[in-house]
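Biologist: Please take me through one part of this model closely. I would like to see how two helices pack, and what the loop joining them looks like.

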Amino acid sequence: MAGFVSHFTNRLDAKGRVSIPAPFRSVLARDGFEGLYCITSAHCDAVDAGGNDLLAEISKRSEAFAKLSPDHDALAVALFGASENPKIDGDGRVTISEMIKEHTGITDQVTFVGLNYKFQIWEPEKFREYRAEAQRRALAMLSGQSPAPSQGEPS
């Protein structure tokens with residue numbers, strides 16, 4: 001498997017750092033990205049993180065809009081201007097920034113969730129709740145039913 005898979009929960013240390021799971025570090029190393037690309041998710045209380053594959057997907061989406069247009073600029077601000085690029089230290093740790101803490105509600109533990117070309121950073125309890133809803137929606141989609149909108153989604 002070449003992408004990010006599974007989920008892991010790790011504790012923040014006294015300096016606000018957390019170890020990125022070894023399998024995720026291996027994917028980032030193969031990807032060749034220096035550090036980590038992080039952006040708040042527009043869909044949930046998580047932060048999307050990854051390397052070149054995530055950036056390529058974001059770039060592909062933004063190329064659908066004419067450069068220097070208001071739509072392109074708005075998308076670029078949301079996807080690039082509101083992002084962070086934290087460094088990973090020699091022990092595989094990354095500092096959880098205030099932006100990440102504020103968006104996710106992380107205090108002392110972090111759950112990393114693999115989504116193939118990217119992974120997400122979650123507060124563990126919020127992830128448990130989201131995972132239950134995601135499993136319900138996935139089962140409905142697989143059975144050919146249209147899943148009911150989640151809280152906050154238009155009907």
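Modeller: What follows is a close look at one helix pair and its loop, with a short stop elsewhere in the chain. This is a predicted model, and residues are numbered from 1 along each chain as its sequence is written. Local features need pLDDT of at least 70, side-chain atom pairs count only at pLDDT 80 or more, totals for chains, interfaces and linings use all residues, and side-chain values use heavy atoms, with hydrogens and water left out.

Start with the pair. Two packed helices are described by the angle between their axes and the distance between the axes. Helix α2 covers residues 52-62, and helix α3 covers residues 70-81. Helices here are DSSP runs of H or I with at least four residues, strands are runs of E with at least two, and both are numbered from the N terminus. The axes of α2 and α3 come within 10 Å and cross at roughly 165 degrees. That makes α2 roughly antiparallel to α3. Axes are lines fitted to C-alpha atoms, for helices over the stretch in contact, and angles run from 0 to 180 degrees between N-to-C directions. Under 35 degrees counts as roughly parallel, over 145 as roughly antiparallel, 65 to 115 as roughly perpendicular, and the rest as oblique. The crossing of α2 and α3 is right-handed: the near helix is turned clockwise from the far one by less than a right angle.

Which residues make the contact? From α2 come Leu55, Ile58, Ser59, Arg61 and Ser62. From α3 come His72, Leu75, Leu79 and Phe80. Contact means heavy atoms within 4.5 Å. These residues divide into 5 nonpolar, 3 polar and 1 charged. Ala, Val, Leu, Ile, Met, Phe, Trp, Tyr, Cys and Pro count as nonpolar, Asp, Glu, Lys and Arg as charged, and the others, Gly among them, as polar.

Now zoom in on Ser62, in helix α2. Ser62 is buried, at 7% relative accessibility. Buried means under 20% relative accessible area, exposed over 50%, and partly exposed in between (1.4 Å probe, protein chains only). Leaving out residues up to four places away in sequence, Ser62 touches His72, Leu75 and Phe80. Compare Ala78, in helix α3. Ala78 is partly exposed, at 41% relative accessibility. Its C-alpha is 15 Å from that of Ala56, 22 residues away in sequence.

Next, the loop between α2 and α3. Leu68 lies there. Leu68 is exposed, at 79% relative accessibility. Its phi is near 70 degrees, a positive value in a residue other than glycine. Ser69 lies in the loop too. Ser69 is buried, with a relative accessible area of 17%. A polar atom of the Ser69 side chain lies 2.6 Å from the backbone oxygen of Ala66.

One last stop, away from the helices. Arg11 sits in strand β1, residues 7-11. Arg11 is exposed, with a relative accessible area of 54%. Outside its neighbours within four places in sequence, Arg11 is in contact with Arg17, Val18, Asp108 and Gln109. The side chains of Arg11 and Asp108 make a polar contact at 3.2 Å. A polar contact is a pair of N or O atoms within 3.5 Å; within protein, one must be able to donate a hydrogen and the other to accept it, and residues adjacent in sequence count only if both atoms are side-chain atoms.
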